[in-house]
Amino acid sequence: MITYLRKRIITAILVIIVSLSINFMLVHLAPGNPISLIAGKDNPSPEMVAALTEKYGLNDPIYIQFFKYIGTLLKGDLGYSLINNEPVIKLIAEKMGPTLLLALTGLILAVVIGTALGIYAARHKGSPFDVVMNGISYLFDSTPGFWLGLMLILVFASLLKWLPTAGMVDLRASHTGFAYVLDVLLHLILPLLTVVLSQIPYFFRIARSSVIQVMAEDFITTLRATGMKEGRIFRKYVFKNAILPTVTVFGLSLAYVVAGVAIIEIVFSWPGTGKLLMDAIMKRDYPLLMGVYLILSVSIAVCMILVDVIYSMIDPRIRHNEKG
Amino acid sequence: MKKLASMVCVLLLSVGLLAGCGGAPNDSSAAPAGGTAETGPKKGGTIIVGLNGDPTTYNPDFKGDDNGFAIYQNIFNRLYKINNKQEIVPDLAESYALSSDGKELTFHLHKNVKWHDGKPFSSADVKFTYDTIIKEKGQISGSLSSIQEITTPDDNTVVFKLKQNDSALLGYLSWYGCFIMPKHLYEGTDWGTNPANQKPVGTGPFKFVEHQKGVSITLERNDEYWGDVPYLDRVVFSIMSDSNTATQALYNGQLDFLGIEPPLAEAERFMSDPQLKAGKQNWPSRFHVAFNVSEGPFANLKLREAVAYGINRDEVIKKALKGVGLSAKTAMTPLYQWALNSTDVYPDRNVEKAKKLMEDAGYKADSKGMYLTATLDVFNSEPFPDIATVLKDNLKDIGIDVKINVMEGAAWDEKVWNNKNYEFTLLSGYQGPDPGGLYGRFASEGTMNIMKYSNPKLDENLKKGAALVKEEERAPFYKEAQKLLVADKPMVPIAEQIGVVPYQAYIMGAPTSPEAIQKTGFTEFTYVWINK
C-alpha cells in the first residue's frame with residue numbers, strides 16, 4: 001500500500017507540474033494584459049506603463065517569468081495579486097470557506113440522493129418512476145447552472161417570497177450565534193439546490209446503469225438460481241460492485257464542482273472564489289489566476305489519490321494487482 | 001456598468017449608471033404618502049446598496065476602481081465635486097479664484113474640518129495628495145500636467161501654480177481619482193500598500209466600519225461631519241455581481257438602491273413599478289462608431305460619410321438600447337451647452353446618398369448589392385453587441401457587409417485600444433468634465449485617440465479653447481473644433497448615454513432627486529432618508 005501510494009503521489013506531482021506549465025502558458029499567451037487595466041485608459045503615459053510593466057516583471061520572456069514563478073512557488077509563496085494588491089494566498093483563503101461549504105455539501109447531497117434514485121430506478125427498470133426520472137435527469141443535465149439558479153430565484157424568492165434572493169447573510173439584521181447560522185443556512189438553500197439539481201443527473205445515471213449492468217451478470221443469475229432473496233443478493237453482491245463507478249465519479253466531480261460552482265456563486269452573490277476567479281480572468285491577474293489553478297490542480301490530485309485509496313479498500317482486486 | 005471609450009469606459013458608464021442621474025431631476029416618483037416635506041427628513045436607519053464587486057483598495061487616488069468610486073464619495077471629499085447635474089460645485093474648498101493670466105488657481109478651504117480619526121485637516125493634506133498623485137503616477141496624473149507647483153500660504157489656502165492656463169483642470173480636480181488623502185497616515189509610506197488602504201480615514205459624511213470580503217461594506221454616519229450631517233445611521237453596500245440577481249433583489253426589497261448597471265430590458269419596469277423610483281441622468285458619454293482613419297477602408301472619408309448616412313439612430317435606440325438613450329447628432333455631448341455647435345451636425349439616414357458616396361469612392365456593387373465587407377470589433381458587454389447587430393442591418397442597406405467580431409474586454413483592449421489594429425469599432429465613454437474632454441479623444445496627441453486621427457487645425461482650436469478663461473471666449477474655438485470633426489468624421493455619434501438608477505419608493509433625498517441633485521456627487525448618500 002505504501003509503495004502504491006508513493007507511486008501515486010509522484011504521478012500526482014508530475015500532473016500538477018504539467019498542468020501548471022500549460023496554465024501558465026495559456027494565461028500569458030491570451031490576448032490582453034493587466035497593465036492596461038492597472039494604468040487605466042484615461043491618460044496613461046508611456047513611462048507609467050513601462051514602470052508598471054517593469055514593476056510586475058512582465059517584460060521578461062515568458063519562460064523566464066515561468067521559472068521565476070516556480071521559484072517563488074517553491075518558497076511557498078503564491079505571489080501577489082496585480083489587481084487586488086494583496087497576497088494571492090490571502091485572497092483565496094478568505095473565499096475558500098464559502099465555496100467549500102457550497103460545493104462539498106452540494107456534492108454529498110447529490111451523491112446520496114442521485115445514487116439512491118438511480119438504484120431505485122434500476123431495480124424498477126421500465127417502471128413509470130424509471131421513465132420519468134430518466135427524462136428529468138436529462139432535463140437537469142442539459143440545464144445551465146446559472147439559468148437554473150435564476151429560475152429558482154424567480155420562483156422561490158420573487159414569486160413565493162419564501163427565501164432570500166441572494167447573498168450569504170441578511171444585511172438588514174445583525175444576527176449572531178445560532179441566529180447567524182440559521183441565516184446562513186437560509187441563504188444557502190437556493191444555491192445549494194442549484195448545485196444539487198445540476199449534479200444529481202450524473203450520479204443517478206451512473207448508479208442506475210451500473211446496477212442494471214451488475215444485475216445482468218451471470219453470477220447474479222446463479223445466485224438467484226440458488227433461491228437467495230433479491231434483497232440479500234442486492235445488498236451483498238450487487239451494491240458493492242455497482243458502487244465502484246460512483247466513487248470514481250465522486251472524486252472527479254469534487255474537483256469539477258469546486259471550480260464549477262463559480263458561476264452559481266456569481267448568480268447568488270455567494271462570497272466564494274467564483275467572483276475572484278472571474279475577475280482574475282477578465283483582468284488578466286496572472287498570479288491570482290495561477291494561484292487558483294494551482295489550488296484546483298492540487299485538490300484534483302488529492303481527490304484522485306483518495307479515490308484510489310477508497311477504491312482499493314472496497315475492491316480487493318486492486319490491492320492484489322498492485323501487490324503483484 | 002461602469003464608461004470611457006473602452007472597457008474602462010464601460011466601467012465608467014457603470015459608475016454613471018450606478019451613480020446615475022443628473023441632467024434633469026426627473027426621478028419617476030411613486031412615493032407613498034407620509035413623512036414628506038411637511039414632516040421633514042427622518043434621522044436614522046440603514047440602506048442597502050448593490051455593488052458589483054469588492055473594491056480592491058480604499059486608496060481613492062491610486063488607480064481606477066469602479067467598485068471603490070461609489071464608496072470613496074461617501075468617505076472622502078474633493079476640493080470641488082461634480083454633482084448629478086454635471087456641474088462643478090464646492091466640496092472641501094468653499095471657493096476658488098483664478099488669477100487674470102489664468103496661471104494661479106487659489107482654493108479657500110473650509111475651516112474646522114477633521115479627519116475621521118480626529119486629526120485636523122489642513123491645506124498640507126491637499127498639497128500632499130496632489131504631489132503624491134503626480135509623483136506616484138496616480139490614475140489622473142496624466143490630466144495634471146499643467147501644474148507646476150502647489151503652495152500652502154496658510155492652513156486654509158492652497159495655490160496651484162500652473163505652467164499655462166488650463167480651463168479643464170478644475171473639472172479634473174472635481175472628478176475621479178482626486179480625493180484628498182490624510183497626509184499624517186500616508187506620508188513616508190508606500191501609498192500602494194499603506195494599511196489605511198484597507199481601513200480608510202477620510203473627511204467625508206460617512207465613516208468606514210468594515211469590509212466583509214465578497215459580502216458587504218459598511219459605513220456609518222460621521223456625526224462630526226463639517227458639512228450637512230447625513231440622516232442615515234448606516235450605508236451598507238451589498239456585493240451583487242450579477243445584474244439580473246441584483247434586479248430581483250431590488251424587486252424583492254433586499255436592496256434599497258440597485259447600485260449596479262441594470263439590464264436595459266428592465267428600464268421600463270423601473271419607471272412603471274409603483275414600489276420603485278427611477279432616477280435618470282444624461283451622462284457626458286455617448287455611443288459612437290470610431291473609425292481607423294489611417295489605414296483600411298475607412299481611411300477614405302467618403303466611406304465614413306457613407307456610414308454616417310447609413311446609421312438609423314432611432315432604430316439603434318429602440319432595439320439595442322431598449323429606448324434608454326437620446327439621438328446624438330452633434331460632435332460633442334450637448335451637456336456643455338455653452339460650447340455646443342448645433343449648426344454643424346451629422347446627417348440623418350439617407351440610403352441613396354450613402355450608396356452614391358460608396359460609388360464615388362470607387363466601389364462597385366457585387367451581385368448581392370454589396371460594395372464592401374468590413375469588420376466591426378466590439379467588446380462583449382451590453383449593449384455593444386446589440387448595437388452592432390442593428391448597425392450591421394443598417395449598413396447592409398447601403399451595401400456594406402459588416403462582419404461583427406465580438407471580443408472579450410481584455411482582448412479588445414489589446415487589439416483595438418493598444419494596437420489600433422481594426423477597421424471600425426463601437427465606443428462609449430466619458431467626454432467631460434468640460435469641453436476640454438474632446439482633446440483626449442480627438443487631438444493628434446490625445447491619449448484616447450484610437451482613431452489615429454490628426455488634424456492640426458483641430459488641435460490648435462482645442463488648445464486655444466483650454467488656454468482661455470471665460471466661457472464666451474472659449475466657446476468659438478470648441479464650436480470650430482466640432483465643425484472640423486463633423487467634416488472629417490473620425491467618428492459618428494449614435495446616442496447620448498442615459499443612466500437609469502432605480503431605488504425603492506420610500507427612499508428620499510437620493511443623489512438624483514430634486515432635493516439632492518445639486519448638492520451631492522454621483523453616489524453620495526448624505527441627503528438620503530427613509531420615509532417609512
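Here are a few exercises on a predicted model, each with a worked solution.

**Exercise 1.** Work out whether the radius of gyration of chain B agrees with that of a compact globule.

*Solution.* Start with the length: chain B has 532 residues. A compact globule with 532 residues would come in near 24 Å. Now take the value for chain B, which is 23 Å. The two agree, so chain B fits the compact-globule expectation. For the outline, the C-alpha atoms fill a box of roughly 75 × 55 × 40 Å along the principal axes. As for burial, 58% of the 532 residues in chain B are buried.

**Exercise 2.** Take stock of the secondary structure of chain B, then find out how strand β1(B) sits and what it pairs with.

*Solution.* First the tally: chain B has 15 helices and 18 strands. Next, zoom in on β1(B), residues 46-51. A residue counts as buried with 20 or more other C-beta atoms within 10 Å of its own, and 5 of the 6 residues in β1(B) are buried, leaving the strand mostly covered. Then look for its neighbour: β1(B) pairs with β10(B), residues 234-239, in the parallel sense over 6 bridges. To pin down the register, pick G50(B), whose bridge partner in β10(B) is S238(B).

**Exercise 3.** Check what secondary structure the model gives to two of the spans annotated "transmembrane region" in chain A.

*Solution.* The annotation comes from an unreviewed UniProt entry, and residues 9-30 and 288-311 are among the spans covered. Go to residues 9-30 of chain A: the span is 95% helix and 0% strand, with its end C-alpha atoms 31 Å apart. Now try residues 288-311 of chain A: here you get 100% helix and 0% strand, and the end C-alpha atoms lie 34 Å apart.

Conventions
Residues numbered from 1 in each chain as written. Chains lettered and ligands numbered in written order. Predicted model: local features only at pLDDT ≥ 70, side-chain atom pairs only at ≥ 80, totals over all residues. Helix = DSSP H or I, 4+ residues; strand = E, 2+ residues; numbered from the N terminus. Rg over C-alpha atoms; globule rule 2.2 N^0.38 Å. Buried ≥ 20, exposed ≤ 12 C-beta atoms within 10 Å, placed from the backbone. UniProt positions renumbered as here; feature names shortened; annotations may be inferred. Pairing = 2+ DSSP bridges.
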